[in-house]
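Subject: Structure handover

Hello,

Here is the structure I said I would pass on. My notes on it follow below.

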Amino acid sequence: MANSSCSSLMIGLALFVLALGSANATLSTNHYYSSCPKLLDTVKCTVESAISKEARMGASLLRLFFHDCFVNGCDGSILLDDTSSFTGEKHAKPNNNSARGFEVIDAIKSAVEEVCPGVVSCADILAIAARDSVNILGGPSWDVKLGRRDARTASLSAANNGIPAPTSNLNQLISRFSALGLSTNDLVALSGGHTIGQARCTTFRGRIYNETNIDGSFARMRQSSCPRSTGSGDNNLAPLDLETPTSFDHHYFKNLVEKKGLLHSDQQLFNGGSTDSIVSDYSTNPTSFSSDFATAMIKMGDISPLTGSNGEIRKNCRSVN
C-alpha cells in the first residue's frame, strides 16, 4: 500500500519551489503550501514504509520529536551528530543507546529534498513524522504547524537536564512541563504517548523490584526478563503498554489504574495525586484522550521554534550546512 502510493508520488513530479522570506516569524499549517506542495504526502509515504517494516518505529519517531522539543525548543538539534566543536544530544543520558529512528528521518529528508530541495527544515520533518506515526498506528491526526528552522548547534548538558527522567516524581514532572508552557493536563495527555513503544530494563528495574504501588503479577512478569542485578539484561525490552503496545489507544491509562505502569514516572500519574482524575477519565474515555493528546502535541510543537532568519534549513539533518 505504502510502496505503490510512494512510487506514484515520485513519478512525474515537477519541482515547484519558491524562495522563503526571512520575515515570516510565525508557524502556520500552510507554511509550505506553495513552496513544497507534495511535502505531507512525501513524509507520510516514508513513515508508512518504516512502520510497515517495524511497528515500534512509530513510537521511536514520536519520542524523537518529544526529546527534541524539550531541549532548547523544537529545532532539530537532537538529529545533529557530534563534531569537534560540540558533543550533541544523541549521547545524553536520556538518548544514548535508546533514541532511534535517525535513519528514517534521513530517508524522509532525502525524499523531501528530491521534491523541493533546500526548503523544508529537519525540525518540521520531525513534527510531521510524529503526527503521521501516531495516526498510522490508530491515533488521532491534527494539522501540524510548520515554519521551524534548524539549530546550528546542540547541547549535551541541556538534554541531560531538560528531558524528564523515568525516575521523576509527579511534582518534578509538573514543574518541568510547566516551565515549557505545558499544563498538568498536557502532561498526562502527552504521557499517553507511552501507549506505544518499549523501554529498556535499566529504566524500570527499580520500579519492579522496589516499589509497592505495583500489581504483583505484573512485577513478577517483568522481573522474569529484567534481573535485579545491574548489568544483567540492562537492554532487555518491555512494552510500555501491556495490552496493545503497537496500537495508539487509551489502554496505557487503564494500565495505570490497575497499577501496571512500567515506569516510575508513568505510575506517578495515578498514585493518589492531583492527576488521578485525569488518568481515570482517559482510561474510560478514549475520545477525550485523543482530543487532548492532539491539542497538547500542537502546544509542544510551539516550544521555542527558530523562525524567520534564525537558524538554517539543513541539507543533511545530521550536520549543519
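Which residues of α9 are buried? The model is a predicted one, and in it the buried residues of this helix are Cys-201, Phe-204, Arg-205, Arg-207, Ile-208 and Tyr-209. They pack against β1 (198-200), α10, β2 and α12.

Arg-205 deserves a separate entry. Its relative accessible area is 8%, and because the limit for buried is under 20%, Arg-205 counts as buried. Its partner in a salt bridge is Asp-234, with 2.8 Å between the closest N and O atoms. Arg-205 sits in helix α9 (residues 201-210) and Asp-234 in the loop between α10 (216-223) and β2 (237-239), so the salt bridge ties together parts that are 29 residues apart in sequence.

Salt bridges

In general, side chains of opposite charge can pair when their charged atoms come close. The count for this model is 13 salt bridges. Besides the pair in α9 and the loop before β2, these are the ones I noted.

- Glu-54 and Arg-100 form a salt bridge, and their closest N and O atoms are 2.9 Å apart. Glu-54 is in the loop between α2 (39-53) and α3 (56-69), while Arg-100 is in the loop between α3 and α4 (102-115), so this pair ties together parts 46 residues apart in sequence. Glu-54 is partly exposed, at 28% relative accessibility. Arg-100 is also partly exposed, at 21%.
- Asp-124 and Arg-148 meet through their side chains in a salt bridge of 2.7 Å, N to O. This pair links distant parts of the chain, 24 residues apart: Asp-124 belongs to helix α5 (residues 122-136), and Arg-148 to the loop between α5 and α6 (156-162). Asp-124 has 0% relative accessibility and counts as buried. Arg-148 is buried as well, at 2%.
- Asp-81, Lys-90, Asp-106 and Arg-318 are linked in a network of salt bridges.

Cavity

How many cavities of 30 Å³ or more does a search of the whole structure find? The search finds one, and the volume of the largest cavity is about 60 Å³. The residues that line it are Phe-65, Ala-127, Trp-142, Val-144, Lys-145, Arg-148, Met-297, Ile-298 and Gly-301. Arg-148 is thus both a lining residue and the salt-bridge partner of Asp-124. By type, the lining divides into six nonpolar residues, one polar and two charged. Helix α14 gives the most to this lining, with three residues.

Ser-288 and α14

Ser-288 is another residue of α14, which covers residues 286-301. Is Ser-288 buried or exposed? It is buried, because its relative accessible area of 19% falls under the 20% limit. Leaving out residues up to four places away in sequence, Ser-288 touches Asp-281 and Tyr-282. With Asp-281 there is also a polar contact between the side chains, at 3.1 Å.

Asn-271 and Asn-213

Asn-271 is found in the loop between α12 and α13 (276-284). At 40% relative accessibility, Asn-271 counts as partly exposed. Which residues is Asn-271 in contact with, leaving aside its neighbours within four places in sequence? They are Asn-213 and Asp-276. Asn-213 is 58 residues from Asn-271 in sequence, but the C-alpha atoms of the two are 7.5 Å apart in space. Their side chains are joined by a polar contact of 3.0 Å.

Backbone points to check

Two non-glycine residues are listed here for their phi angles.

- Lys-259 has a positive phi of about 60° and is not a glycine. Its place is in the loop between α11 (251-257) and α12 (264-267). Lys-259 is partly exposed, with a relative accessible area of 42%.
- Ser-304 has a positive phi of about 40° and is likewise not a glycine. Its place is in the segment after α14. At 48% relative accessibility, Ser-304 counts as partly exposed.

Regards

Conventions: Residues are numbered from 1 along each chain as its sequence is written. This is a predicted model: local features need pLDDT of at least 70, side-chain atom pairs count only at pLDDT 80 or more; totals for chains, interfaces and linings use all residues. Side-chain values use heavy atoms; hydrogens and water are left out. Helices (H or I, at least four residues) and strands (E, at least two) are DSSP runs, numbered from the N terminus. Buried means under 20% relative accessible area, exposed over 50%, partly exposed in between (1.4 Å probe, protein chains only). A polar contact is a pair of N or O atoms within 3.5 Å; within protein, one must be able to donate a hydrogen and the other to accept it, and residues adjacent in sequence count only if both atoms are side-chain atoms. Contact means heavy atoms within 4.5 Å. A salt bridge is a side-chain nitrogen of Lys or Arg within 4 Å of a carboxyl oxygen of Asp or Glu. On a 1 Å grid over the protein atoms alone, a cavity is a set of points where a 1.4 Å probe fits but cannot get out, and a pocket is an open set with protein on both sides within 12 Å along at least five of seven lines; lining residues have an atom within 4 Å of a point. Grid points are joined across faces, edges and corners, and a volume is the space filled by probe spheres set on the points. Ala, Val, Leu, Ile, Met, Phe, Trp, Tyr, Cys and Pro count as nonpolar, Asp, Glu, Lys and Arg as charged, and the others, Gly among them, as polar.
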